[in-house]
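Work through the exercises below with the sequence and the model side by side. Try each task before reading its solution.

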Amino acid sequence: MSDSSKPKPVVNESGIEVQAVYGPADVERTGGYSLIGQPGEYPFTRGIHPLMYRKQPWTMRQYTGFGNAADTNRRFRYLIDNGQTGLNVAFDLPTQCGLDSDDSAAEGEVGRVGMAVDTLHDFEVAFAGIDLDKITVSLTINGAAPQLIAMYLAMAEGRGYDIKKLRGTAQNDILKEFIGRGTWIYPVKPSIRLVGDTIEYCAHHAPKYSPVSVCGYHIRESGADPAQEMAYAFCIARAYADEVIRRGLSIDEFAGRLSFNFNIFGNIFEQVAKFRAGRGLWASIMRDEYHATKPGSMWMRMIAGGGGSGLTLEQPEVNIVRGAYYALISALSGAQTMALCCYDEAYTIPSEYAQRISLRTMQLLVEEMGLTETVDPLAGSWYVETLTNQMRDRIGAIIAETDANGGIVQQIASGEIQARISAQAYRMVRAKESGEFRKIGVNCYRQEGEQYAEVELHPYREADAQAQLTNLNAVRARRDAPRVSRTLAALKTAAVRGENVMPAMLDAVKAYATVGEITRELAQAFGRYQEPVRF
Amino acid sequence: MNQKRPIRIVLGKPGLDGHDHGAKVVARALMDAGFEVIYTGLRQTPTSIAKIARDNDADVVALSSMAGSHLEFCRKLKPMLEQSGLGNRLWIIGGNLPRTDHANLRALGFKGVFPSSSRLADIVAFIEANVP
């Protein structure tokens, strides 16, 4: 017989029971304050810099791109004119999958969900008139990351920037693409090798460039809980670090340029604790497991943005309010960079209007709400410190469990992680349908038969895709064909011999070899990924 | 005695779209409902989906599309399904499908149209009521 007077425990998404009231004893019981420290000091739980936003507010970097490079350049300028401080480029699916715009598999997809890129020429157009010293650029590209990193470096060099000083980021986290998002190209092993090539190349030639942004974000979108999100991201980051160390680099030669991309939706305090715990844990992994000595190698630098999974199709205007809370969480969590999914993003590529609302949401925190005035303002809360301790233990336990079960690479290759996360996603959808997990407009505060307003849809313009094909043909016609063949052959040789492909990649993109041509050469050396389908 | 096999569904991910969260959730719901589900995995072409559906003698051909190219894809898939002798089977589609496209999808033969946030029970009930 169940005791109906006994209240049901409150448990957060990461599986930690939440008490009605917290006090000093709870912090002590869960590990005390020893891992909290001071901002800018190991273990960096309170932030990676001593002054954080007092010195510089977070970078605002909305995800943007559609049509061709000229279309995207116009939107970039609009955002910069509205006070955006960084760019985050969305690429279309053919580009992400390593296909040219005239590939038969690209039909109907050119420029649809992001900017189409075939050659260096597209990068020259996309970033024209943008000061790359003032506005740092993040490339949301994974499978085709080596090509696009090379194009970015070549474009910047062509404009006279010193590559040794050039800042910027590529997502380039292929392991999470096998878990969620799905823009893989080659099998798991050569994919990791390519990430290693980019990190190694940048460590030597573009030391300020961040060649990888390891993403818990998409793992969370695929159904992981917040603790798993962070644990799997750390496991993946370690896999890349191992790959680079295997080549003889020391951890301090590259770890300072590793960065992370995390997701925000759900319980405010659980999110803040996740990030604080993550910073402390990553610092200890780098120091104690990898023997890093430079503080920068131990920093969990991150973009932490409002996640699409938190937003709803129903009552889309409520997403504006959700976005404001997500931005608040990001600021309370010490993010280096912030981005918000827009209120209309469940429907479409965001409108200028929606993008401006997201940008203003972040600017409000800086200009009106006092979020930049003091560092780590939730520190010392018995609840937040207890939860930070508990989240650290929880994330650590998931990492240990993953290691004990063969490691992240093997578990991704076998489809085990994907199956686990999709089972969780299914349970969550069921919980939303039953009303057990409350979602406003979805299972509560919703009128029967409610017809929610559809937002203005971003038009897919066939003419933009056509212009892209015309551009591609023009570039193909005027480039030095023998140089293209020669550089592509050299690239394949480097790939087959196991040499770092990036020097040959740079030569090929400078010869205006296409994304698709390069992918074909590499696929001949590496093969193509076959997706394991497991339930 | 009715020895009919369970309803067999080929659930495909058309085109280059890698968002498979929804497809996998729906696949599990359909399996829980007692259907046999063959999930194709990502990056399917109209040709590959028609072939998998024909080879498996699918009762239902289901697509999950999140990245906007659903109309183009369905226009190409329709004649291929018909040529594969699957013109009389139930075709359904779910995902990010703007309301303005629903009538076009139905006109192409996709009798069930389930935009994001459709209820799993409604999809199951629709299949049970409409499967040939």
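**Exercise 1. Place A:Thr136 in its strand and describe its surroundings.**

Step 1. A:Thr136 lies in strand 6 of chain A. Helices (H or I, at least four residues) and strands (E, at least two) are DSSP runs, numbered from the N terminus. The model is predicted: local features need pLDDT of at least 70, side-chain atom pairs count only at pLDDT 80 or more, and totals for chains, interfaces and linings use all residues. Residues are numbered from 1 along each chain as its sequence is written, while chains are lettered from A and ligands numbered from 1 in the order in which they are written.

Step 2. Count neighbours. A:Thr136 has 20 other C-beta atoms within 10 Å, so A:Thr136 is buried. The cut-offs: buried means 20 or more other C-beta atoms within 10 Å of the residue's own, exposed means 12 or fewer, and partly exposed is in between, with C-beta atoms placed from the backbone.

Step 3. List the contacts. Leaving out residues up to four places away in sequence, A:Thr136 touches A:Thr59, A:Gly86, A:Arg167 and A:Gly168. Contact means C-beta atoms, placed from the backbone, within 7 Å.

Step 4. Check one pair along the chain. A:Thr59 and A:Thr136 are 77 residues apart in chain A, yet their C-alpha atoms are separated by 9.0 Å.

**Exercise 2. Find the strand order of the five-stranded open sheet in chain A.**

Step 1. The order is 4-5-6-7-8, and the pairing is parallel. Two strands pair if DSSP finds at least two bridges between them.

Step 2. Strand 4 (63-64) and strand 8 (209-210) of chain A are the edges, each pairing on one side only.

Step 3. Take one pair from the sheet. Two bridges link strand 6 (residues 136-140) and strand 7 (residues 168-170) of chain A in the parallel sense. A:Ser138 has A:Thr169 of strand 7 as its bridge partner.

**Exercise 3. Which residues of helix 17 of chain A are buried, and what do they pack against?**

Step 1. Test the length. Helix 17 (residues 462-478) of chain A has 17 residues and should span 24 Å at 1.5 Å a residue; its end C-alpha atoms are 25 Å apart, which agrees. The expected span is 1.5 Å times one less than the number of residues.

Step 2. The buried set is A:Asp464, A:Ala465, A:Gln468, A:Asn471 and A:Leu472. These residues cover an arc of only 115 degrees around the axis, which puts them on the same side of helix 17 of chain A. The arc is that of the directions from the helix axis to the C-beta atoms.

Step 3. Recall the helix geometry. An α-helix has 3.6 residues a turn, so residues three or four places apart point the same way.

Step 4. Turn to the other face. Facing away from the buried side of helix 17 of chain A are exposed residues A:Glu462, A:Ala463, A:Thr470, A:Ala474, A:Ala477 and A:Arg478.

Step 5. The buried residues of helix 17 pack against helix 2 (69-81) and helix 4 (120-126) of chain A.

**Exercise 4. How many residues of helix 12 of chain A are buried?**

Step 1. Helix 12 (residues 318-332) of chain A is mostly covered, with 11 of its 15 residues buried. Among them are A:Arg322, A:Tyr326 and A:Leu332.

Step 2. Name the packing partners. The buried residues of helix 12 pack against several elements of chain A, including helix 10 (268-289), strand 11 (302-306) and helix 13 (352-367).

Step 3. Look past the end. A:Gly334 follows helix 12 of chain A and has a positive phi, near 75 degrees.

**Exercise 5. Describe strand 3 of chain B and its two pairings.**

Step 1. Chain B holds five helices and five strands. They run β-α-β-α-β-α-β-α-β-α from the N terminus.

Step 2. Six of the six residues of strand 3 (residues 60-65) of chain B are buried. B:Val60, B:Ala62 and B:Ser64 point one way, and B:Val61, B:Leu63 and B:Ser65 the other way.

Step 3. Strand 3 pairs in the parallel sense with strand 1 (residues 8-12) of chain B over four bridges. Six bridges join strand 3 to strand 4 (residues 90-95) of chain B, also parallel.

Step 4. Follow B:Ala62. It stands opposite B:Leu11, and its bridge partner in strand 4 of chain B is B:Ile92.

Methods
Two residues are in contact if their C-beta atoms, placed from the backbone, lie within 7 Å.
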